[in-house]
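User: I am new to this structure. Please pick one strand, look at it closely, and show me how it fits into the rest.

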Amino acid sequence: MILSSIVLVITIFIHNIMTSIHAQPVSFQIPPKMRAAQCTDYGTNVEQILSVPQEGTVDTPRLGIDKPPAAFKNEILIKVQAVALAPGDARVMSGKTREFQGPPQFPYTPGGDVCGIVVAVPEETKKGGQCKFSVGDRVAARFMNKPLGMLGEYALCNTDVCDVVPQNVSSEDAAALVSSALVAVLIADRIREGDRVLIYGAGGGVGSHLCQMARLQGASYVAGVGRDYERLMEAPLYCDYAVDYTKTDPFSVKEWCDKPFDVIIDLAGGAWPALLQHRSSGHPSIVKSAKSKGRYLTITPDNPVFEIHKMRDFFKIFLFPSLGRAISSRIGLSRASMPKYSYVLALPETSEAVTRTLALASENKLIACIDEQGPFPFTSDGVRRAFELQASYHSKGKVVITVSSDK
């Protein structure tokens, strides 16, 4: 009896100690200065304008005091582990859209798609509730408004397009997934079971993930167009067939002309003018007409390298061509010979798509595709090489930079 009481007392004592330990809030020592990539001017010569200091010389952003350079709300402070680059990162640095996407000042820290550890949360959100994340959570978020502010040891991260990363997904994979893979997931929602799908620009960040998602959606045949056609038919992309557009005209492949696609997804730009040219020359089309329920989906203008300084530039590049093609392919004469045109890039300002994408990766249904040259190190040389690869538009998957592996 006495022995049982002693055991009970010891058990309660140990339980109280463990409960106390687990109840202690996770805390981090946040330094006043940090290392961060610094871009000093607009341009494309990264050797001259982009660097990463060896020591901490940049002010660490302060939650509740400093405003995010991308001007979003509902932020948390994270210790950055990985950043994935996207076309917008190179575009902002070039200054070609400075009036709309330019940084608030120079020097600025680039980067928009990120994965990191939460080190500080607001006591109360701007909506009056409690933050859905806790200190110690590993989270990933896509960029909001502008790809700015993430490529440093610490960053203010937007909670609206963010979610906790599953334990079996690496930080580098998570950063890649919440950017281009998320876009692929949303585009794939438009693919129907049994569709024959052609992905133009299949080897890039979005394309590498869309090849997988098309199959997951039930496509009966997936073909890819890209420079590295052999990679497109290997794991995890598994295209049924692929062509190198520098050697073969994808719009003249006999097999595709004989059995046209249900949908073309143009991720590289320029496929619509090529379709029009082939139609005018009397060649059979590789995609069904709108009348036969053929579709053409795109997320880019005809030239993916564009320059916008005034609203009229935006209308000329994006609105007018897309609107005209959408109308003519639905109710115009071209409905009988061209597929139904849709410009489909509209990212939701909620975390639902982030959650879906990370869940697919956690279930091994979607494999993050990172260019074999990376992940790049967080050094001046590493970051410069990463931006040069991104600006080349010839990456094989996502361009990712490892900022820190500290937990």
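Analyst: Start with the contacts across the whole protein. Count those between residues at least 6 apart in sequence: 76% of them join residues at least 24 apart. Keep in mind that this is a predicted model.

A little more background first. The protein has 12 helices and 17 strands. Its radius of gyration is 24 Å, and the globule rule gives 22 Å for 407 residues; the two are close, so the protein is as compact as a globular protein of that length. Along the principal axes, the C-alpha trace spans about 95 × 60 × 40 Å. Of the 407 residues, 50% count as buried. The accessible surface is about 19600 Å², and 54% of that belongs to carbon and sulfur atoms.

Now the close look. The strand is β13, residues 263-266. Is it open on one face, or covered on both? Both faces are covered. Val263 and Ile265 sit on one side. Ile264 and Asp266 sit on the other. These four residues are all buried.

Next, the partners of β13. One is strand β10, residues 196-200. β10 and β13 pair in the parallel sense, over four bridges. In this pairing, Ile199 stands opposite Ile265. Another partner is strand β14, residues 295-298. That pairing with β13 is also parallel, and it too runs over four bridges. Here Val263 stands opposite Arg295 of β14. How does the chain get from β13 to β14? It passes through helix α9, residues 271-280, and this β-α-β crossover is right-handed.

Stay with Ile265. Which residues does it touch, leaving aside neighbours within four places in sequence? Four of its contacts are in the stretch Val197, Leu198, Ile199 and Tyr200. The others are Ile187, Ile191, Leu210 and Leu297.

Several of these names return in the largest nonpolar core, which has 48 residues. Ile265 is among the residues with the most contacts inside this core, together with Leu177, Ile187, Ile191, Ile199, Leu210 and Leu267. The elements that give two or more residues to the core include β13 and its partner β10. The others are β5 (75-85), α5 (171-188), α6 (205-216) and α11 (352-362). Helix α5 gives the most, with 12 residues. Apart from this core lies another, of 39 residues; Met93, Cys131, Met150 and Cys157 are among them. A general tendency fits here: in soluble globular proteins, nonpolar side chains tend to be buried together.

Two other places help with the contrast. Take Tyr245, in the loop between β12 (241-243) and α8 (254-258). At 38% relative accessibility, Tyr245 counts as partly exposed. Beyond residues up to four places away in sequence, Tyr245 touches Val225, Gly226, Arg227, Pro250 and His394. Val161 is 84 residues from Tyr245 along the chain, and their C-alpha atoms are separated by 35 Å.

Then Ser322, in helix α10 (residues 311-331). Its relative accessibility is 13%; buried means under 20%, so Ser322 counts as buried. Setting aside neighbours within four places in sequence, Ser322 is in contact with Tyr341 and Tyr343.

Back to the strand, to finish. β13 is covered on both faces. It pairs in the parallel sense with β10 and with β14. Through Ile265, it takes part in the largest nonpolar core.

Conventions: Residues are numbered from 1 along each chain as its sequence is written. This is a predicted model: local features need pLDDT of at least 70, side-chain atom pairs count only at pLDDT 80 or more; totals for chains, interfaces and linings use all residues. Side-chain values use heavy atoms; hydrogens and water are left out. Buried means under 20% relative accessible area, exposed over 50%, partly exposed in between (1.4 Å probe, protein chains only). Contact means heavy atoms within 4.5 Å. Two strands pair if DSSP finds at least two bridges between them. A crossover is right-handed if, with the strands pointing away from the viewer, the path from the first strand over the helix to the second runs clockwise. A nonpolar core is a set of buried Ala, Val, Leu, Ile, Met, Phe, Trp, Tyr and Cys residues joined through side-chain atoms within 4.5 Å. The radius of gyration is taken over C-alpha atoms; the globule rule is 2.2 Å times the number of residues to the power 0.38. Accessible areas come from the Shrake-Rupley method with a 1.4 Å probe; for residues, only the protein chains shown count as cover.
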